[in-house]
Amino acid sequence: MKSYLNFIDGEWVPSVSGKFSTNVNPATGEILGKAPQSTKEDVDRAVLAAKKAQKSWRLVPAPERAEVLYEVARLLKERKEELAQILTSEMGKVISEARGEVQEAIDMAYYMAGEGRRLFGDTVPSELRNKFAMSVRVPVGIAGLITPWNFPIAIASWKSLPALVAGNAVVWKPASETPFIAGEFVKIYQEAGLPKGLMNLVFGSGGVVGNAIVDHPDIDIISFTGSNEVGRQINERAGRLLKRTSLEMGGKNAVTVLEDADLDLAVDGIIWSAFGTSGQRCTACSRVIVHEAVKEELEQKLVKRIAELKIGNGLDEEVNVGPVINRSSLQKIDKYVKIGIKEGAKLLCGGKILTDGELEKGHYYAPTLFTDVKPSMTIAKEEIFGPVTSIIPVKSLEEAIEVNNSVEFGLSSSIFSRDVNRVFQAMRDFDTGIVYVNAGTTGAEIHLPFGGTKGTGNGHRDSGVAALDVYTEWKSIYVDYSGKLQRAQIDNK
Ligand code: NAP
């Protein structure tokens, strides 16, 4: 059994509580090991270390800070397979997806290391003679990171790498369900030579450690990815302290299939984005908006493909769909399916907890497809976060856009069509932070901003250069070399 400790001020230390939580493999029910149940006091110690370390880190030239990130990238690459195995064991996604997730962290590390030599600000002409004007990025200070279990290393990389290259220190609380991959990521930072105190890892529950991070007066920015319920609470608490928050939350993403679409391609896109990671992606396709002219054909093709999916332990290379994260998640998914049936949706396949043979030991839900779903039904509005998707028939592109935009979330949407005019209309009118054309709703690349509109976020973005906006302040600097007092807006008018 593995056992992890907190990482504070460059040391692996136990929590002051002396207590631990167990880490369970959702595919088998096997206990993998344990991680500390930390307290507010552990967070206080982490913040103290972060504060001290950040004072000198902010003065290290950004290209030199980036050298550590290049080393992080190299080590992630070297350990890609080992990390992927840990990831699948503790959160269940199939191994090929786990490898892809680690690759995302590798890509992000190289990309953000490159930012060490850019971190662009602006130089602009001054309105006065012999005067120079520019704006530069400066670190915010201490970043408190709170991350979910569904992309436990990718999301941690989206947040910690830009924070560090920009000159901040980090206090990180990973999800309770995925402590080991967090511990391994921090070991890589340590081995890469990140000075002590800059990356502090505090394991523990959201209610205790998460709240302590949000409430700590010396943590300047909270970057959170997770559910809307928790994001809202964090924003309220942090708002009282006038703290910056970057929130990435839920989705209710839709694939739109028009009557001229390549249906086989659309089926590939829907299967991948509805059932990949067992539907537990923030960008999962949980609605399929289809033109009524091709509805039946699409349904038949989808049902056939779903029947071919192999369900099981994600460590088996042949498996397509792994378990869901835990028992309460399984029950929540099943509850939504029952509500769908009760509200009049037609169940085409799936709709049950799987317990045959080995599956009995883990948390498996049958890939589920509903049809004749109305936009007003609960299953068409709320995030289910499991392998369940719903076909909603429409009569036109205009109606599809209306349905696509009718939910409280705004993360990702996609359209399958060969008509460039209609595709451009959808690209303009889908009210989501991400739009895919002739692809499913998932598959973000790290050099573009990632995040959503409406209830999905609060206007910030992870990933891409946009991530730097979260972890930096703008400082505007005027240098007057005229040798006399020049008054802007007065002396030149
Ligand atoms: P969650 O329950 O909101 O948890 C997310 C993180 O917040 C965990 O580390 C959790 O700790 C912590 N937390 C819980 N209560 C807290 C509190 N009161 N104060 C501070 N922190 C607290 O979400 P999840 O179930 O892990 O993740 C699934 C959700 O994340 C879905 O809604 C999904 O759409 C969303 N998500 C969004 C994106 C995006 O970029 N938009 C990406 C991935 C996932 P514990 O683990 O200890 O509870």
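**Surface patch and ligand contacts in the predicted model**

A nonpolar patch on the surface is formed by Val 420, Phe 424, Met 427 and Val 437, whose accessible area together is about 350 Å². The structure is a predicted model. Helix H14, spanning residues 420-429, supplies the largest share of the nonpolar patch, with 3 residues. Phe 424 is located in helix H14. The relative accessibility of Phe 424 is 51%, and Phe 424 is therefore classed as exposed, the cut-off for this class being over 50%.

The ligand is surrounded by 30 residues, of which Thr 147, Ser 176, Ser 227, Met 249 and Glu 383 come nearest. Polar contacts to ligand oxygen atoms involve both side chains and backbone. For Glu 383, an N or O atom of the side chain is 2.6 Å from an oxygen atom of the ligand. In the case of Trp 149, the distance between a side-chain N or O atom and a ligand oxygen atom is 3.1 Å. Gly 226 contributes a polar backbone atom, which is placed 3.3 Å from an oxygen atom of the ligand. On its own, the ligand has 900 Å² of accessible area, and 87% of this area is covered by the protein.

Confidence was assessed for the chain and for its elements. The mean pLDDT of the chain is 98, with 100% of the residues reaching 70 or more. Among the elements of the chain, the lowest mean pLDDT, 94, belongs to strand S1 (residues 2-3). The highest mean pLDDT among these elements is 99, in strand S9 (residues 169-173).

Terms used. Residues numbered from 1 in each chain as written. Predicted model: local features only at pLDDT ≥ 70, side-chain atom pairs only at ≥ 80, totals over all residues. Heavy atoms only, no water. Patch = residues over 30% accessible without salt bridge, like charges linked within 9 Å, V, L, I, M, F, W, Y side chains within 5 Å. Areas by Shrake-Rupley, 256 points an atom, 1.4 Å probe, with all protein chains shown as cover. Salt bridge = Lys/Arg side-chain N within 4 Å of Asp/Glu carboxyl O. Helix = DSSP H or I, 4+ residues; strand = E, 2+ residues; numbered from the N terminus. Buried < 20%, exposed > 50% of the residue type's maximum accessible area, 1.4 Å probe, protein only. Near = heavy atom within 4 Å. Polar contact = N/O pair within 3.5 Å; in protein donor to acceptor, adjacent residues only side chain to side chain. pLDDT = per-residue confidence, 0-100.
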